[in-house]
Amino acid sequence: MSIFRPLTSFAAAVSGAAALLASGQAMASVDGAAALKLAQANACMACHAVDRKMVGPAYKDIAAKYKGMDVDKLAASIKAGGAGKWGPVPMPAQANLKPEDAKTLAAWILAGAPSK
Ligand code: HEC
């Protein structure tokens, strides 16, 4: 029996490494901590929370509704603001938000707004 033991632990190590790799790749596309800071710096969090509705919709709800949406499209929508898609309260246009920051925020929101 003992001969199988090294094999089993080797298999466990391999699948553990594969899981690490997979999560590493998922995180590489969105840096949650940096994006959250960006959202705080741009006052997004004054109206939005990740998992509950405040003035604006929860980021998780936005992610669910727009699953698979093009990042640029959502970034444009953040820049322009909007009204009537989620409720009666409009979102003001984000004139001072840099286009690349809008894109980072859009990608982060579409990824479910992870905190890291
Ligand atoms: C003054 C409050 C307020 C601020 C500040 C604000 N939002 Fe919003 N946001 C809203 C409201 C209200 C809606 C829903 C508008 C609607 O119903 O169409 C919304 C909608 C959205 C949507 C969905 C857009 C769509 O096309 O459906 C995204 C994404 C979003 N906000 C991201 C952001 C980000 C990122 C920031 C910071 C740069 C931000 N918001 C700042 C209030 C705000």
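From the N terminus on, the elements of this predicted protein model run α-α-α-α-α, and the secondary structure comes to 5 helices and 0 strands, where helices (H or I, at least four residues) and strands (E, at least two) are DSSP runs numbered from the N terminus. Residues are numbered from 1 along each chain as its sequence is written. Because the model is predicted, local features need pLDDT of at least 70 and side-chain atom pairs count only at pLDDT 80 or more, while totals for chains, interfaces and linings use all residues.

The pLDDT, the predictor's confidence in each residue on a scale from 0 to 100, averages 86 over the protein, and 76% of the residues score at least 70. Over residues 14–28 the pLDDT is below 50, and this stretch has 0 contacts in the model beyond near neighbours in sequence, a contact being a pair of residues whose C-beta atoms, placed from the backbone, lie within 7 Å. Of the contacts in the protein with a separation of 6 or more, 62% are between residues 24 or more positions apart.

Around the ligand there are 28 residues, of which Cys44, Cys47, Gly56, Trp86 and Met91 come nearest; a residue counts as near when its C-beta atom, placed from the backbone, lies within 6 Å of the molecule. Helix H4 (71–80) and helix H5 (99–110) are the elements that give two or more residues to this shell, and the largest share, 3 residues, comes from H4. The shell divides by residue class as follows, with Ala, Val, Leu, Ile, Met, Phe, Trp, Tyr, Cys and Pro counted as nonpolar, Asp, Glu, Lys and Arg as charged, and the others, Gly among them, as polar.

| Class in the ligand shell | Count |
|---|---|
| Nonpolar | 19 residues |
| Polar | 8 residues |
| Charged | 1 residue |

Of the 116 residues of the protein, 15% count as buried, meaning that 20 or more other C-beta atoms, placed from the backbone, lie within 10 Å of their own, against 12 or fewer for exposed residues and values in between for partly exposed ones. The largest nonpolar core (buried Ala, Val, Leu, Ile, Met, Phe, Trp, Tyr and Cys residues joined through C-beta atoms within 7 Å) has 15 residues, and Leu74, Ile78, Leu105, Ala106 and Ile109 touch the most other members. Helix H2 (32–41), helix H3 (59–65), H4 and H5 each give two or more residues to this core, and H5 gives the most, with 6 residues. Leaving aside neighbours within four places in sequence, Ala106 is in contact with Val71, Leu74, Ala75 and Ile78.

Lys67, in the loop between H3 and H4, is exposed because 9 other C-beta atoms lie within 10 Å.

Definitions and conventions. Contact = placed C-beta atoms within 7 Å.
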